[in-house]
Protein chains: 2
Amino acid sequence: MADSPPPERADAARNREIILAAALRLVETRGVDCVTMDTVASEAGVGKGTLFRRFESREGLMAAVLNTSETQWQASVIGGPPPLGPGAPPMERLLAFGHSRLRANLVSASLIEAAGRAGQRSVAAMSFANMHVRYLLRELGVEGDLPLLATAILAPLELVVLEQQVERERIPVERLEAAWDDLVRRVVGH
Amino acid sequence: MADSPPPERADAARNREIILAAALRLVETRGVDCVTMDTVASEAGVGKGTLFRRFESREGLMAAVLNTSETQWQASVIGGPPPLGPGAPPMERLLAFGHSRLRANLVSASLIEAAGRAGQRSVAAMSFANMHVRYLLRELGVEGDLPLLATAILAPLELVVLEQQVERERIPVERLEAAWDDLVRRVVGH
DNA sequence: GGATCAAACGGACCGTGGTCCGGTTGTATT
DNA sequence: AATACAACCGGACCACGGTCCGTTTGATCC
């Protein structure tokens, strides 16, 4: 491993928090796509350059905002009450997981969209889900290319796919859930 | 049905062709994300406003460019040689379809990305694929919510998913194909 | 062939994401 | 505590997507 990166300076860390808080506040009140970088900068009382140094891009900032709720969700998967959390049989957990992920994606749709590539790829947000599904599949005795099988199961829950179905084709969420359950049962093999 | 929309004026139609040709030329030579709207406008010898009136947005223009190759692909699915085209048994056709779609998505990745929402949703590009898969599934005697099952099968071929796997995780295309075949067999039930 | 009117045209203009660089502030060293 | 250096700060600046509106052009009807 290379030497660890130099620690963040105190003022820098403080500004990160300030900016993040300001961004979150603005997103909640005005809605994601009314939040410009200039707005965030002035709301946080810093220069625009600071925003971009800390968060790389608008997408990066949005990803950081998204990350807070995402972390919360992950916590409830790892340690929350069953059937989402541990304690329930694997199949029940898997189904609960899918439903929860589906709802979560729809709820923070606009934020995910604004986060773009930075949202899904980095921070291993998708990687966590994949790992969890892989674990449950193994638990269920499924054989094969587990990483890719997990990806295949997760793919229909991706926002791009969901939006097409919910917004364009007006399919109710319950039907999406039912169809996903069906998919999972077929893949697992009952 | 409402009265049909007024026909396009001659100069408008001519300009659409000119613009589309210019855009295609520029995309091929310089690469998608070096193509600005101003560039296309001056290359086509028209004003910027004309571009936006014809194609709504940059995404719309890119979608139109993409549409040409997409149409070609659809033709080879409907009427090309087997196993992609008609003549082969349904399962073979389905697998060939998946592989072909996967490759096609990767080939025009940047264009699809540039087309954004306009690319996948409109023009029923995705709708065509869904319809075709639905047809093949029915042919294979699969029962259940066919439209959603088709979507679920198609989802892992979506560009967002593929890019994560190919670029981020360095998974070779052959393995993706094999995994997709596996998925399909599980869903169909051999 | 004019007259008429809707539709298409084009380029000046604006907002926003993103960069850059001179000045400032925090941190390590003696 | 003073010095030195790196990291941080901020706002002027740029490029690009998108809009607007006065002008031109092509279809239609007499």
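Which polar side-chain atom lies 3.5 Å from a phosphate oxygen of DNA strand C? That atom belongs to B:Arg53. Keep in mind as you read that this is a predicted model.

## Around DNA strand C

Let's stay with this strand for a moment. B:Arg53 is one of the closest residues to DNA strand C, alongside A:Lys48, A:Arg58, B:Asn15 and B:Arg54. In total, 21 residues surround the strand. Two further side chains have a polar atom by a phosphate oxygen of DNA strand C: for B:Asn15 the distance is 2.3 Å, and for B:Arg54 an N or O atom of the side chain is 2.7 Å away. Two or more residues each are given to this surface by H1 and H3 of chain A and by H1 and H3 of chain B.

H3(B) provides the largest share of the surface near DNA strand C, with five residues. By residue type, that surface holds nine charged, seven polar and five nonpolar residues. Looking at the DNA side, 58% of the strand C atoms within 4 Å of the protein belong to sugar or phosphate, and the rest to bases.

## Around DNA strand D

Now for DNA strand D, which has 21 residues surrounding it. The closest are A:Asn15, A:Arg53, A:Arg54, B:Lys48 and B:Arg58. The side chain of A:Asn15 has an N or O atom 2.4 Å from a phosphate oxygen of this strand. Backbone atoms take part as well: a backbone N or O atom of B:Arg58 lies 2.8 Å from a phosphate oxygen of DNA strand D, and a polar backbone atom of B:Met37 is 2.9 Å from one.

Helix H1 (10-30) and helix H3 (48-55) of chain A, with H1 (10-30) and H3 of chain B, each supply at least two residues of the surface near DNA strand D. H3(A) gives the most, with five residues. The surface divides into nine charged, seven polar and five nonpolar residues. Of the strand D atoms within 4 Å of the protein, 60% are from sugar or phosphate and the rest from bases.

## How H3 and H4 of chain B pack

Where does H3(B) rest against its neighbour H4(B)? B:Leu51, B:Phe52 and B:Phe55 in H3(B) meet B:Arg58, B:Gly60, B:Leu61 and B:Ala64 in H4(B). The residues of this contact comprise five nonpolar, one polar and one charged. B:Arg58 thus has a second role in our picture, as it is also among the closest residues to DNA strand D.

Helix H3 (residues 48-55) and helix H4 (residues 58-79) of chain B pack at an angle of about 65°, and their axes are 8 Å apart. Because of that angle, H3(B) is roughly perpendicular to H4(B). The crossing of H3(B) past H4(B) is left-handed.

## Chain A overall, and some backbone details

Chain A contains ten helices and zero strands. Its C-alpha atoms fill a box of roughly 55 × 45 × 30 Å along the principal axes.

A few backbone spots deserve a look, since most residues other than glycine have a negative phi and most peptide bonds are trans. The peptide bond from A:Pro82 to A:Pro83 is cis, with omega near 10°, and A:Pro83 lies in the loop between helix H4 (58-79) and helix H5 (90-107) of chain A. In chain B, a cis peptide bond joins B:Pro82 and B:Pro83, with omega about 10°; B:Pro83 lies in the loop between H4 and helix H5 (90-107). Finally, A:Arg170 has a positive phi, near 55°, and sits in the loop between helix H9 (159-168) and helix H10 (173-188) of chain A.

Notes: Residues numbered from 1 in each chain as written. Chains lettered and ligands numbered in written order. Predicted model: local features only at pLDDT ≥ 70, side-chain atom pairs only at ≥ 80, totals over all residues. Heavy atoms only, no water. Axes fitted to C-alpha atoms, helices over the stretch in contact; angles between N-to-C directions. Helix = DSSP H or I, 4+ residues; strand = E, 2+ residues; numbered from the N terminus. Parallel < 35°, antiparallel > 145°, perpendicular 65-115°, else oblique. Left-handed = near helix turned anticlockwise from the far one by under 90°. Contact = heavy atoms within 4.5 Å. Nonpolar A, V, L, I, M, F, W, Y, C, P; charged D, E, K, R; others polar. Near = heavy atom within 4 Å. Polar contact = N/O pair within 3.5 Å; in protein donor to acceptor, adjacent residues only side chain to side chain.
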